Amino acid sequence: SGGGGTQPPESVLGELGDLSREPVCVCWLLRMPAVPPKFDAAAAKALGVPSGPLRGRLCAGQCVALADGSEVRPEQVLRGGSAGEELLLVDVASPSQLCELRRHPLLSADRLAALSAVVHLTPAAVAATAAYRAFCGALPAAARQLLLHGSPPPRRFAFVASARLQLKLGALGSGGALNSE
């Protein structure tokens, strides 16, 4: 179509191809950056650390020697901080996809040990199956799990770009050709 304007979702759906085949399973493992510790100026002052480069070295994680010969370690003046949290987004369209999902290297027990939360975008009919409940039960107990499995109206997408990506990924998985738009 001409005009160069943005098409409404209904007119784009015709370009997406056959939507009757099983959608692909998509998961994202999001790793947030670590939160660095904060420098405690009062603790540094109490230990006799003067303002200037020595404080900078402590912030960088290095031990420093003071003029009186005493040593100050970073953990004496740095407070808080944490490793970056990890969030898993799971979108499983069919119970038949669970076996492949469980075998994925990103979902191995050692990789998921630091998992903070899981957001399930899986349809309610799939989430209610015993296989999906077992999948959820195998996730780390400390991870918070949020189920957002509303059933959207058929052939309607909240994000058309996401629907296109789902179809392209499905074509890759089935050996089909991709149209590179």
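# Buried spots, cores and salt bridges

User: Let's start with one residue: is Ser116 buried or exposed?
Analyst: Ser116 has a relative accessibility of 13%. Buried means under 20% relative accessible area, exposed means over 50%, and partly exposed is in between (1.4 Å probe, protein chains only). With 13%, Ser116 therefore counts as buried.

User: What sort of model is this?
Analyst: Residues are numbered from 1 along each chain as its sequence is written, and side-chain values use heavy atoms, with hydrogens and water left out. Local features need pLDDT of at least 70, side-chain atom pairs count only at pLDDT 80 or more, and totals for chains, interfaces and linings use all residues, this model being predicted.

User: OK, where does Ser116 sit?
Analyst: Helices (H or I, at least four residues) and strands (E, at least two) are DSSP runs, numbered from the N terminus. The protein chain has seven helices and eight strands. Ser116 belongs to strand S7.

User: Which residues does Ser116 touch, leaving out those up to four places away in sequence?
Analyst: A contact means heavy atoms within 4.5 Å. Counted that way, and without residues up to four places away, Ser116 touches Glu85, Glu86, Ala142, Ala143 and Arg144.

User: Glu86 is on that list. Which residue does Glu86 pair with in a salt bridge?
Analyst: Side chains of opposite charge can pair when their charged atoms come close. A salt bridge here is a side-chain nitrogen of Lys or Arg within 4 Å of a carboxyl oxygen of Asp or Glu. Glu86, which is buried at 12% relative accessibility, makes one at 3.1 Å (N to O), and its partner is Arg31.

User: How many residues apart in sequence are Glu86 and Arg31?
Analyst: Glu86 is in strand S6 and Arg31 is in strand S1, so to speak two distant parts of the chain. Arg31 is partly exposed, with a relative accessible area of 46%. The pair is separated in sequence by 55 residues.

User: Glu85 showed up too. Why does its salt bridge with Arg144 tie distant parts together, and how many residues apart are they?
Analyst: The closest N and O atoms of Glu85 and Arg144 are 3.8 Å apart. Glu85 is partly exposed at 43%, while Arg144 is exposed at 55%. Because Glu85 lies in the loop between S5 and S6 and Arg144 lies in strand S8, the pair joins parts whose separation in sequence is 59 residues.

User: How many salt bridges are there in the whole structure?
Analyst: Another of them joins the side chains of Asp40 and Arg79 at 3.2 Å, N to O. Those two are 39 residues apart, with Asp40 in the loop between S2 and H2 and Arg79 in S5. Searching the whole structure gives a total of four.

User: Now the inside: which helix gives the most to the largest nonpolar core?
Analyst: A nonpolar core is a set of buried Ala, Val, Leu, Ile, Met, Phe, Trp, Tyr and Cys residues joined through side-chain atoms within 4.5 Å. The largest one has 17 residues, and Leu88, Val90, Tyr132 and Phe135 have the most contacts inside it. Elements giving it two or more residues include S6, H4 and S7. The biggest giver, with three residues, is H6.

User: Why do the buried residues of H6 sit on the same side, and what arc do they cover?
Analyst: The buried residues of H6 are Tyr132, Phe135 and Cys136. The arc is that of the directions from the helix axis to the C-beta atoms. They are on the same side of H6 because their arc is only 95°.

User: Which exposed residues are on the other face of H6?
Analyst: The buried residues of H6 pack against S6, H4, S7, H5 and S8. Turned away from that buried side, the face of H6 carries Ala130, Arg133 and Gly137.

User: Last one: about how much accessible area does the nonpolar surface patch with Trp28 have?
Analyst: Patches are made of residues with over 30% relative accessible area and no salt bridge, joining like charges within 9 Å and nonpolar side chains (Val, Leu, Ile, Met, Phe, Trp, Tyr) within 5 Å. Accessible areas come from the Shrake-Rupley method with a 1.4 Å probe, and for residues only the protein chains shown count as cover. Trp28 is in strand S1 and is partly exposed at 35%. Together with Leu30, Met32, Leu121, Leu146 and Leu148, Trp28 forms a patch of about 500 Å².
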